[in-house]
Amino acid sequence: MVLDEPTNDLDLETLDLLQEMLAYYPGTLILVSHDRDFLDRTVTSVIASEGDGRWIEYAGGSSDMVAQRGHGVGALNQETLAAKSAARPTARAPRRQEPRKRLSPTEQHVLKTSPARIAVLTEEIRRLERLLADPDLYTRDREAFTAAGSAFAKAQAQLAAAEEDWLRIELLREEIEGA
């Protein structure tokens, strides 16, 4: 189910009813809202834009995302945009490189061990998702919830990096074999 700004124009009784219904909804729910309090009371994770087309999933509600990020959601100001554009390198003419003949030993090791590492990280993320899906965890043990949220974000970042490394080296291997 996808809900876009469901709290707009609702009275308190209807808002409470909606919150209760969503708490018992058995399927996947994608909720778009600026109502941070409503998000804190209803969601198990928040997907937030980090800029430059990057989106990160944070465990917990809106306030948990702010705690994990270290800052809230804010519009980029003109100074930030100017600093980002100044930091980007200018386009250069591509260099001609000779195709590589083989993978380095480090790349071979990464290619060999990445599938197992990806599987371990995926299972760890699933375990943490199950832990964080417990609606009473936050009220029962706030420290465990915070630790699990941090571990979840860290595992997701590690998984993304491992998948990126594996894909980069796999493409390189295919290029070398095809040459």
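Ala, Val, Leu, Ile, Met, Phe, Trp, Tyr, Cys and Pro count here as nonpolar, Asp, Glu, Lys and Arg as charged, and the others, Gly among them, as polar. By that scheme, the lining of the second largest pocket has six nonpolar residues, one polar and one charged. The model is predicted: local features need pLDDT of at least 70, side-chain atom pairs count only at pLDDT 80 or more, and totals for chains, interfaces and linings use all residues. Residues are numbered from 1 along each chain as its sequence is written, and side-chain values use heavy atoms, with hydrogens and water left out.

Start with the overall plan. The protein chain has seven helices and four strands. Helices (H or I, at least four residues) and strands (E, at least two) are DSSP runs, numbered from the N terminus. Along the sequence the pattern is β-α-β-α-β-β-α-α-α-α-α. The chain has 179 residues, of which 26% count as buried. Buried means under 20% relative accessible area, exposed over 50%, and partly exposed in between (1.4 Å probe, protein chains only). Contact means heavy atoms within 4.5 Å. Among contacts between residues at least 6 apart in sequence, 50% join residues at least 24 apart.

Now the N-terminal part. Glu5 is found in the loop between strand 1 and helix 1. Its phi is near 50°, a positive value in a residue other than glycine. Glu5 counts as buried, at 19% relative accessibility.

Helix 1 follows, at residues 12-23. Its twelve residues reach 16 Å from first C-alpha to last, close to the 16 Å expected at 1.5 Å a residue. The expected span is 1.5 Å times one less than the number of residues. Which residues of helix 1 are buried? They are Leu15, Leu18, Gln19 and Leu22. These four cover an arc of only 100° around the axis, so they sit on the same side of helix 1. The arc is that of the directions from the helix axis to the C-beta atoms. An α-helix has 3.6 residues a turn, so residues three or four places apart point the same way. The face turned away from the buried side of helix 1 carries the exposed residues Glu13, Glu20 and Met21. Cover for the buried residues of helix 1 includes strand 1 (2-4) and helix 2 (36-42).

Next come strand 3 and its contacts. Ser45 and Ala48 both offer a way in: Ser45 lies in strand 3, and Ala48 lies in strand 3 (residues 45-51). Ser45 is partly exposed, at 26% relative accessibility. Leaving out residues up to four places away in sequence, Ser45 touches Glu57, Tyr58, Ala59 and Gly60. Ser45 and Tyr58 are 13 residues apart in sequence and 5.4 Å apart in space, C-alpha to C-alpha. Ala48 is buried, with a relative accessible area of 6%. With the same sequence neighbours left out, Ala48 touches Arg54, Trp55, Ile56, Tyr58, Met65 and Arg69. The C-alpha atoms of Ala48 and Met65 are separated by 8.4 Å, at 17 residues apart along the chain.

Met65 leads on to helix 3. There, Ser62, Asp64, Met65 and Arg69 are buried. They cover an arc of only 160° around the axis, which puts them on the same side of helix 3. The buried residues of helix 3 pack against helix 2, strand 3, strand 4, helix 6 and helix 7. Just after helix 3, Gly70 takes a positive phi of about 90°.

Helix 7 has 37 residues and reaches 53 Å from its first C-alpha to its last, close to the 54 Å expected at 1.5 Å a residue. Its buried residues include Phe145, Phe152, Leu159, Ile169 and Ile176. What covers the buried residues of helix 7 includes strand 4, helix 3 (62-69), helix 5 (105-132) and helix 6 (137-140). Glu163 is also in helix 7. Glu163 is partly exposed, with a relative accessible area of 38%. Glu163 and Pro115 are 48 residues apart in sequence and 8.5 Å apart in space, C-alpha to C-alpha.

Return to the pocket. On a 1 Å grid over the protein atoms alone, a pocket is an open set of points where a 1.4 Å probe fits, with protein on both sides within 12 Å along at least five of seven lines; lining residues have an atom within 4 Å of a point. The second largest pocket is lined by Trp55, Ile56, Glu57, Tyr58, Ala153, Gln156, Ala157 and Ala160. Strand 4 (54-59) and helix 7 (142-178) are the elements that give two or more residues to this lining.
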